[in-house]
Amino acid sequence: MVNLEWYRTFKTIYKTGTLTGAAEELYISQPGVSLHLSSLENYTGYKLFERRGRRMIPTERGKALYNFIIEPVTKLEEAEKSFQRSTEKHTPTISIGMCFETFQTTLEPYIASFPFNIIIKFGEYPEMVDSLEKGILDLIITPQAINSKDIDYEPFSYETIVLVGGNNTDDKTLNSLIKKDNPKDIEKWLKEQKWYGTTGDMEHLRRFWKQNLDKHPDFRPNYIVPNLNSIVRCLSSGTGLAVIPDFLCRKEIESKQLKLLWEGKNKVVNTLNFGTRKKTIYANEIESIKKIFREEMGRPLP
């Protein structure tokens, strides 16, 4: 089924004569424009433009399609503008990508307070960057600054990956072993404990283990739960171990529901970034969201 946005993109390429010009006018990335065009060409089965340098020259099929769709697409755009004037002039929709735990810990309590619409999407970080480039997302929160000429990254905070335990975990032996600085004995003690993890995600544990014990963990957690916040709740006032970002459990550590057992001899630290397209019409709305994250994360970079 054809996507009407493909027609809008086609019309804009036809009018501006370049993919870059269309991207600027539509406020999406050039790869996003290329994707729309290739999808429409695949759908119609015809080449719609000849590429001559940076210029996009319409083919005869492209000219015929333009003449056929220009009037209905223009009418749809006018209808859209009319609808926005009457109902959505002051309520833009901002789409944000981040991990589930970050949303719950920071933005969730504030959602109803924003004077605009918000869509939250969860996913893998490379997928979020791709969606940002294509104009599907307006803002992402990511520890991975994946290079892209269309995206700006702004470091705003950091997280340390730490070993935590339930409040009833006996940590005296571990503290003694850490002081003696014997990795083999530390590893032996750790592997004797009960561990919590999340489905299909042991990245934090792998990095922590490799950086501090110089090997990969060769075991699976005893208890697999849906997400990192579930681990925090399960561990609170109980026993067991987990490796998680410290910002997810600061309150529980301060209230002594959890124990901070070890930050590691070699700390695992992630820089957290805001990712946005270089050109956006939602700069003010995005800035108000960034403000919440800066206040909630409470860790400005040195």
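**Exercise 1. The surroundings of D171**

Task: In this predicted model, find which residues D171 is in contact with, leaving aside its neighbours within four places in sequence.

Solution.
- Step 1: Start with the contact list. Once neighbours within four places in sequence are set aside, D171 is in contact with K259 and L261.
- Step 2: Place the residue. D171 sits in the loop between β6 (151-166) and α7 (172-180).
- Step 3: Decide whether D171 is buried or exposed. Its relative accessible area is 17%, and the cut-off for buried is under 20%, so D171 is buried.

**Exercise 2. Salt bridges along helices**

Task: Work out how R8 and E5 are placed in their helix, and do likewise for K75 and E71.

Solution.
- Step 1: Recall the geometry. An α-helix has 3.6 residues a turn, so residues three or four places apart point the same way.
- Step 2: Apply this to R8 and E5. Both belong to helix α1 (residues 4-16), three residues apart, about one turn of the helix. Their salt bridge has its closest N and O atoms 3.1 Å apart. E5 has 35% relative accessibility and counts as partly exposed.
- Step 3: Turn to K75 and E71. They are four residues apart in helix α4 (residues 60-88), so about one helical turn separates them. Their side chains form a salt bridge with an N to O distance of 3.5 Å.
- Step 4: Check the exposure of this pair. K75 has a relative accessible area of 52%, and E71 also has 52%. The threshold for exposed is over 50%, so K75 is exposed and E71 is exposed.

**Exercise 3. Salt bridges beyond those pairs**

Task: State how many salt bridges a search of the whole structure finds, then describe the one between D150 and K149.

Solution.
- Step 1: Take the total. The search of the whole structure finds 19 salt bridges.
- Step 2: Look at the pair. The side chains of D150 and K149 meet at 3.6 Å, N to O. K149 is exposed, at 58% relative accessible area.
- Step 3: Look for shared partners. E154, E287, K290 and R294 are joined into one network by salt bridges that share partners.

**Exercise 4. The largest nonpolar core**

Task: Identify which residues have the most contacts inside the largest nonpolar core, and which element gives the largest share of this core.

Solution.
- Step 1: Keep the general trend in mind. In soluble globular proteins, nonpolar side chains tend to be buried together.
- Step 2: Describe the core. It has 31 residues, and L107, I289 and F293 are those with the most contacts inside it.
- Step 3: List the contributors. Among the elements that give two or more residues to this core are β3 (93-97), α5 (100-107), β5 (139-142) and α12 (283-297). The largest share, five residues, comes from α12.
- Step 4: Follow I289. Not counting residues up to four places away in sequence, I289 touches I94, I96, L107, F114, F116 and L139.

**Exercise 5. Helix α10 and its ends**

Task: Find how many residues of α10 are buried, then examine what lies at the start of α10 and just after α10.

Solution.
- Step 1: Count the buried positions. Six of the eight residues are buried, so α10 is mostly covered. They are L228, N229, S230, I231, V232 and L235.
- Step 2: Inspect the start. A side-chain oxygen of N227 comes to within 3.0 Å of the backbone nitrogen of N229.
- Step 3: Inspect the far end. S237, just after α10, has a positive phi of about 60°.

**Exercise 6. How α2 meets α3**

Task: Characterise the packing of helix α2 (residues 19-26) and helix α3 (residues 30-44).

Solution.
- Step 1: Pick the descriptors. Two packed helices are described by the angle between their axes and the distance between the axes.
- Step 2: Read both values. The two helices pack at about 105°, with their axes 8 Å apart.
- Step 3: Classify the angle. That makes α2 roughly perpendicular to α3.
- Step 4: Name the residues that meet. L19, T20, A22 and A23 in α2 meet Q30, V33, S34 and L37 in α3.

**Exercise 7. Two residues and their contacts**

Task: For Y223 and L213, list the contacts beyond the sequence neighbours and add the setting of each residue.

Solution.
- Step 1: Begin with Y223, found in strand β8 (residues 223-225). At 36% relative accessibility, Y223 is partly exposed.
- Step 2: List its contacts. Y223 touches K194, W195, Y196 and G197, residues up to four places away in sequence not being counted. Y223 and W195 are 28 residues apart in sequence, yet their C-alpha atoms are 6.4 Å apart.
- Step 3: Move to L213 in helix α9 (residues 203-213). L213 is buried, with 10% relative accessible area.
- Step 4: List its contacts. Leaving aside neighbours within four places in sequence, L213 is in contact with P183, I186, E187, L190 and F208.

Key: Residues are numbered from 1 along each chain as its sequence is written. This is a predicted model: local features need pLDDT of at least 70, side-chain atom pairs count only at pLDDT 80 or more; totals for chains, interfaces and linings use all residues. Side-chain values use heavy atoms; hydrogens and water are left out. Buried means under 20% relative accessible area, exposed over 50%, partly exposed in between (1.4 Å probe, protein chains only). Contact means heavy atoms within 4.5 Å. A salt bridge is a side-chain nitrogen of Lys or Arg within 4 Å of a carboxyl oxygen of Asp or Glu. A nonpolar core is a set of buried Ala, Val, Leu, Ile, Met, Phe, Trp, Tyr and Cys residues joined through side-chain atoms within 4.5 Å. A polar contact is a pair of N or O atoms within 3.5 Å; within protein, one must be able to donate a hydrogen and the other to accept it, and residues adjacent in sequence count only if both atoms are side-chain atoms. Axes are lines fitted to C-alpha atoms, for helices over the stretch in contact, and angles run from 0 to 180 degrees between N-to-C directions. Angles under 35 degrees count as roughly parallel, over 145 as roughly antiparallel, 65 to 115 as roughly perpendicular and the rest as oblique.
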